[in-house]
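Trainee: I have a protein model open on my screen and would like to learn how to read it. Could you walk me through some of its features?

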Amino acid sequence: MQSGPGKRARLVDLAAQAGVSEATVSRVLNGRPGVSPATTRAVLTALDVLGYERPAQLRQRSAGLIGLVVPELDNPIFPAFAQVIETTCGHHGYTPVLCTQTPGGVGEDEYVEMLLDRGVSGIIFISGMHADLSTDTARYQKLTGRGLPVVFVNGYVEQVDAPFVSTDDAVAIELAVQHLASLGHKRIGFACGPDRYVPAQRKLAAFASCVAEPALKANGVTGIVEQSLFSVEGGHAAATRLLAEGVTGIICGSDLMALGAIRAVRQRGCEVPRDVSVIGYDDSPLIAFTDPPLTTIRQPVHAMGLASVRALVDEIHGHGAPHSEYLFCPELVVRGSTGAARTH
């Protein structure tokens, strides 16, 4: 048997690797009908694993490269978005190029230049610099001006002519406030990140509006805000200050912040949710397995990922959707970190 990338496939080896008969392998390699898609994939995977070259008629041709620029992967919500978008790109025949930003590493602008050098067909930005109100939007106007299809996830820039896909932050915060109020919480805290980010600013505005509603005010509900960083440490710091203000329920701007808030509650000798209820935001993977399981606002990651790729592919093909923001409705997922307000 030959070795190397061009070695000839032996049916017996492929059949053993794929767990099928040699006759089935032969049908797949010769493009004959009567083989299920799952079996075909198993045989093609066996070819790849054993180092054989696929027959020309079975090689998947890429429709082009698509850049995917994401923040650091420490927050599990970003890998979740990336996975959906990468898979969907593949279904459309495009090859995704993942660009992950890290502190002190390659930045967004450098990644964009690298992607342009490689002739990408388009770029999807997830919670990038476009979400930062202090950012110069000229970098994005330059991209759209040269005709490059781009789509932005979570963060809206009115001056940029492109599709935007976002979670409806106002609905998210309203769901969280109403949930705590229905459990009898009167003093509700909101731990949020810096308000220079569009999602944070929208959450802050929604929180202020919710706690000012006549029905809640008449019921004695008040709101207290503490801004910090979108991290476990940031949530811990913000929650520590909120607990000093006597809150019995805390809404956090991210799941990571919520984990920090739970830690702060326990450091005071209290328990969640017996003494203080905590709500997160994102419903990142594995968050249901925290102690206690976290009540959180779920971003519709799958629907948003599909929509962002569909919008980009439509842009590439020259029949894109209107350039505006598409808001996706979040969902309140009630688990073990929220409960009835404790009466003293």
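**Reading the core, strands and pockets**

Mentor: Happily! Start with Ile85: leaving out residues up to four places away in sequence, Ile85 touches Leu68, Ile124, Ile126, Gly305, Ser308 and Val309. Keep in mind that this is a predicted model.

Trainee: Which residues does Val309 touch, if I look from the other side?

Mentor: Again without residues up to four places away in sequence, Val309 touches Ile85, Thr88, Cys89, His92 and Ile124. Val309 lies in helix H12.

Trainee: Is Val309 buried or exposed?

Mentor: Residues under 20% relative accessible area count as buried. Val309 has a relative accessible area of 0%, so Val309 is buried. Notice the sequence distance too: Val309 and Ile66 are 243 residues apart in sequence, while their C-alpha atoms are 9.5 Å apart in space.

Trainee: How should I think about groups of nonpolar residues?

Mentor: Here is the general idea: in soluble globular proteins, nonpolar side chains tend to be buried together. In this model, the largest nonpolar core has 25 residues, and those with the most contacts inside it are Leu68, Phe81, Ile85, Ile124 and Ile126.

Trainee: Which elements each supply at least two residues of this core?

Mentor: They are strand E1 (64-70), helix H4, strand E3 (122-126), strand E4 (150-153) and helix H12 (301-316). H4 gives the most, with eight residues. There is also a second, separate core of 21 residues, which includes Ile173, Phe190, Cys192 and Ile297.

Trainee: What can I learn from a single helix?

Mentor: A useful idea first: an α-helix has 3.6 residues a turn, so residues three or four places apart point the same way. Now try helix H2 (residues 22-29), whose buried residues are Thr24, Val25, Ser26, Val28 and Leu29. These buried residues of H2 pack against helix H1 (11-18) and helix H3 (37-49). After H2 comes Gly31, with a positive phi near 70°.

Trainee: And strands? How many residues of strand E6 are buried?

Mentor: For a strand, look at its covering and then at its partners. Five of the six residues of E6 (residues 187-192) are buried, so to speak mostly covered. E6 pairs with strand E7 (residues 222-227) in the parallel sense over six bridges, and Ala191 stands opposite Glu226 in E7. E6 also pairs with strand E8 (residues 249-252), again in the parallel sense, over four bridges. There, Gly189 stands opposite Ile250 in E8.

Trainee: What is the volume of the largest pocket?

Mentor: The largest pocket has a volume of about 830 Å³. It is lined by 33 residues, and the closest to its centre are Pro71, Phe78, Ser127, Tyr197 and Phe230. Helix H4 (77-91), helix H8 (198-211) and strand E9 (277-282) each supply at least two lining residues. By class, the lining has 14 nonpolar, eleven polar and eight charged residues.

Trainee: How many cavities of 30 Å³ or more does a search of the whole structure find?

Mentor: The search finds one. The largest cavity holds about 30 Å³ of space, and its lining consists of Asn154, Gly155, Ser166, Asp169, Val198, Pro199 and Arg202.

Trainee: Which helix gives the most to that lining?

Mentor: H8 does, with three residues. The classes in this cavity lining are two nonpolar, three polar and two charged residues. Try tracing H8 on your screen: H8 also supplies at least two residues of the lining of the largest pocket.

Definitions and conventions: Residues are numbered from 1 along each chain as its sequence is written. This is a predicted model: local features need pLDDT of at least 70, side-chain atom pairs count only at pLDDT 80 or more; totals for chains, interfaces and linings use all residues. Side-chain values use heavy atoms; hydrogens and water are left out. On a 1 Å grid over the protein atoms alone, a cavity is a set of points where a 1.4 Å probe fits but cannot get out, and a pocket is an open set with protein on both sides within 12 Å along at least five of seven lines; lining residues have an atom within 4 Å of a point. Grid points are joined across faces, edges and corners, and a volume is the space filled by probe spheres set on the points. Ala, Val, Leu, Ile, Met, Phe, Trp, Tyr, Cys and Pro count as nonpolar, Asp, Glu, Lys and Arg as charged, and the others, Gly among them, as polar. Buried means under 20% relative accessible area, exposed over 50%, partly exposed in between (1.4 Å probe, protein chains only). Contact means heavy atoms within 4.5 Å. Two strands pair if DSSP finds at least two bridges between them. A nonpolar core is a set of buried Ala, Val, Leu, Ile, Met, Phe, Trp, Tyr and Cys residues joined through side-chain atoms within 4.5 Å.
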